[in-house]
Amino acid sequence: MKKEYLQIDKVVGPLIQISDVDDVFYGEVVDIVEISTGNIKKGKVIKIEEKNVIIQVFQNTAGLSAGSSIIKFTGESFNLPMSLDLQGRIFNGIGEPIDNGSDIFSLVEANINGRPINPMSREYPRNFIQTGISSIDTLATLIRGQKLPIFSGNGLPHNELAAQIVRQARLGDNVNEEFGVVFAAIGVKHDDEKFFRKSFDEANVMDRVVMFVNYADDPIAERITTPRCALTAAEYLAFEKHMHILVVMTDITSYCEALREISSAREEVPSRKGYPGYMYSDLASLYERAGMLKDQVGSITFLPILTMPNDDITHPIPDLTGYITEGQIVLGRDLFQRSIYPPVAILPSLSRLMKDGIGEGFTRGDHAEVANQLFASYSKVQEVRDLSQIIGEEDLSPTDKKYMAFGRAFEAEFLNQGFDEGRNIIESLDLGWQLLSLLPLTELDRLSPENIDKYFPKKA
Amino acid sequence: MAVNEENKVKGIISAINGPVIKGKNMTSFKMREMVTVGEQRLIGEVIVLEGDIGTIQVYEETEGLKTGEEITPTGRPLSLKLGPGMLKNMFDGIQRPLEKIQELSPIFIPEGIGLLSIDDKKMWTATLSVKPGDLLLAGSCFGTVQETQVIQNRLLVPPNLSGTVVSVMPDGEYTIEDVLVTIRDAKNELHELKMAHEWPVRTPRPNAYRRETLVPLITGQRVIDIFFPIAKGGTAAIPGGFGTGKTMTQHQLAKWSDADIIVYIGCGERGNEMTEVIEDFPKLIDPRSGKSIMERTVLIANTSNMPVAAREASIYTGITIAEYYRDMGYAVAMMADSTSRWAEALREISGRLEEMPAEEGYPAYLPSRIAEFYERAGSIETLGGDDGSITIIGAVSPAGGDFSEPVTENTKRFVNVFLALDKSLAYARHYPAINWLESYSGYLKILSDWYEDNVAADCISLRNKMLELMYEENKLQEMVMLVGEDVLPDDQRWVLEIAKIIKVGYLQQNAYNKDDTYVPLEKQYAMLKAIEYLFERGREGLKLGIPTSQLKNVDIFSQFIKMKYTIPNDDLSGIDKLKDEIDQYYEVLFKKYEN
């Protein structure tokens, strides 16, 4: 029989401290029962010092006081019941249903913290996922089992882009393999959550979506568990039920802010910008749960969205994320202001896994060269634009003028595409050749003569 | 050993805070002693002792631990078992083989699997080279085992033992735990020598003396070998923001360096990157041995989601394994990707210990730890009298790509080669994105004799001349940004044209092209020499008043840009042909202008 405690010594933000406690373990889940109402709040042991225990409460601590609540130690870690019935359901950040449906009952339970995948057991991801978006498919190709975040800014259309990817993504040719979506909303506005729910409905995938939602006005401690619950569900569906799971998570910035708030309540030594020193490991414990396993069907492809504070890519949140994830898709504000959708800033965008997932047998033999040439040429466009700012476009050399024309066409025709428009990879690559043909052949040093022969548009 | 453990005084867990726990009743524990913690017997290390309270960093996930559970001492510091069976294998941060862990738990890495090490069941064919009565000094060789197809493991007397051989087993099949030789030391005590012995990771293995480093580590990468060479036994750092290609560069070095042994540490990096290494390396053929490069490689993986305390240890595990092979007389190259994650692990543990932070939350002892680590590199004479060396190449991941942060700054103080990766080069897909203006090599001077004797007498002066040209190009580019290229005089425009060839045709190297991924030094030199030739012939033309637009023959230029692909690594005659073409073109052109 587990003991119950009445005395709370201290409440600081989401943390409570109780003393004279025996026989609890690190990470144990506690129920905090308000005597007057019978409401139950959940919490977790995050520090034990002799007989003093610090508990992080997942709900609002307002109203808690010494003597008004009973603290019960449950003797369990934070586990969630796992079942295929999770699909089509909506849960809060600690995995309780909030869609008026029944609780999930299952003999299978999983600890939400997960465990590191043994690198020996991983399969190196190589399968291309066609998102139907030219800039992503051609230049920052998404690979099944990859973790590829969208670095965005406030007000940029990252939600639209994520929804479009969910709608258009073709997860491989093998129709027998099932796919599903796990969606985690961390500290999002009610509107944003509505938007996603609507777009899942429109894409006709709602019965394949598991949603975990923590609204912006929900308690921040719950933001720590929201992504973990979602990834635990994803792991179950991918590795136990062999489905291909796309995890969309927004907004990692809210998650990191919650981490900082709790860290400061714990009086920890801060590192950059007040974020805790362990934020890298903490984020890694989320991102690294994406992947594929050897000799087994099923994968987790992870698309976290984060808004860069002040559009600053060197801010600790995008910075640490970029060091862990396998590339990034960066949205640019200047493209957005020129009404280019999706405003993918291709130069800082990158897919690290792309090199092994494109080319002959995956996309098309010329993919790598076209991508490389587009990067190199568009990078040159930036230099020419800087120059034209100073000396005026009129005075540019003839080649530089061609670069200016290429830059404009590239943005208007290649980057820019409709919210409902899907282009397959062949269309995107052909479009790339079309645009490159605006430049003189001598400038195209990344293209091989064989591919130029084969694909370079012949002048009529 | 199990019996001994039962008799020892055990500690009692009194506090738990993430990977750091405290225990009572620990007066008999030693600093840096390895312990097992709790019912699951998690592995940990004592890092602070104060009265009867001890603080322990735990190398596994601590969720589920309770106060009141036992802390059991092992009586020895965190040690590795050093013996045959490490090559071709991948270990976690405390030398537990991941393949073995996979057998115990197929997908995830669980807690409480206990201490595992190299395979003690595997039979090796040992050839013993000593006889009773021989005097064996510390570090001398008493036999050999063919560990892989290319590496012979030389069985060494541990550095802390010496004596006269009493008995020797006949040559044959043994496990690493079988006694092969018995020796009697000066105090008349008997010691057993096996294939494997233990060594504490935090203690550098001794050597006879340090030598000067006079030979370069040939990497097959043009920008490194010619412009910023690394000496065998030297130290190098590769700093760069995310996406600049640190890991890619480290992989290229691990694949193609002409070291005998490679120790590759994935420290706090991506799981998929380690998987890529396991999948790719066995398929790649070492140009020198003709065998798979995996035959000479040891991998250590502590991916970013593995326990942070083991990340701190992984660097020491790696360097200790490197020293073990160095002591056999091998040239070892060690890649640590990334040392910043190791520094962050130090910071995290330090924070949990509530130590006073210095810069950006890092502990004040960060510089001294970095120095200690890089100082374990070096070219040495082993105790047994052989030449051995360890080259350390550490990746650094500066926060925000800003090189003025503490880890980059302090690393810069203790390494001799600095290969700065540049975001803008990476954005333009110029790989390797090593910035030639910011990078430097402190070994240039001492290696210049080697280059003059082994490559070409003018190799270093050619390198200096071309680097100067790149500096000039940088200055000219600033001007171009203001006024445009057309306004520059012809001789300066010629510099820009040649610099473009150097950038695209020489400094950029394609890791995915079968010829360009590794280029022998002769070709590296010949390519640069050819570029110089073009530069000089063009300058002759400038004196005749020929404009750059005429000097720049599109066909010749495009051949220069593509010569890394079109001229085979083993047949450089194409470069002479290219020079002939230059001569032919310019002779006609010069005649026109002379008249």
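A polar contact is a pair of N or O atoms within 3.5 Å; within protein, one atom must be able to donate a hydrogen and the other to accept it, and residues adjacent in sequence count only if both atoms are side-chain atoms. One such pair joins the two chains of this predicted model: the side chain of A:Ser121 reaches the backbone oxygen of B:Pro106 at 2.7 Å. In the model, local features need pLDDT of at least 70, side-chain atom pairs count only at pLDDT 80 or more, and totals for chains, interfaces and linings use all residues. Residues are numbered from 1 along each chain as its sequence is written, chains are lettered from A in the order in which they are written, and side-chain values use heavy atoms, with hydrogens and water left out.

A:Ser121 sits in the loop between β10 (109-111) and β11 (128-129) of chain A; helices (H or I, at least four residues) and strands (E, at least two) are DSSP runs, numbered from the N terminus. With 4% relative accessibility, A:Ser121 is buried, a word that means under 20% relative accessible area (exposed is over 50%, partly exposed in between; 1.4 Å probe, protein chains only). Beyond neighbours within four places in sequence, A:Ser121 is in contact (heavy atoms within 4.5 Å) with A:Met292, A:Leu293, A:Lys294, B:Gln102, B:Pro106 and B:Ile107.

A second loop residue, B:Thr213, lies between β18 (209-210) and α3 (222-227) of chain B. B:Thr213 is also buried, at 11% relative accessible area, and among the residues it touches are B:Ala231, B:Lys232, B:Tyr443 and B:Leu447.

Burial can take in a whole helix, too. All of α5 (residues 271-280) of chain B, 10 of 10 residues, is buried, so this helix is largely enclosed by the rest of the structure. Its cover includes α9 (354-357) of chain A, along with elements of chain B such as α4 (246-256) and β20 (261-267).

Finally, the nonpolar cores can be explored. Such a core is a set of buried Ala, Val, Leu, Ile, Met, Phe, Trp, Tyr and Cys residues joined through side-chain atoms within 4.5 Å. The largest has 90 residues, and B:Phe227, B:Trp494 and B:Ile502 are among those with the most contacts inside it. Helix α14 (residues 521-543) of chain B gives the largest share of this core, 10 residues. Another core, of 73 residues, lies apart from it and includes B:Leu128 and B:Ala336.
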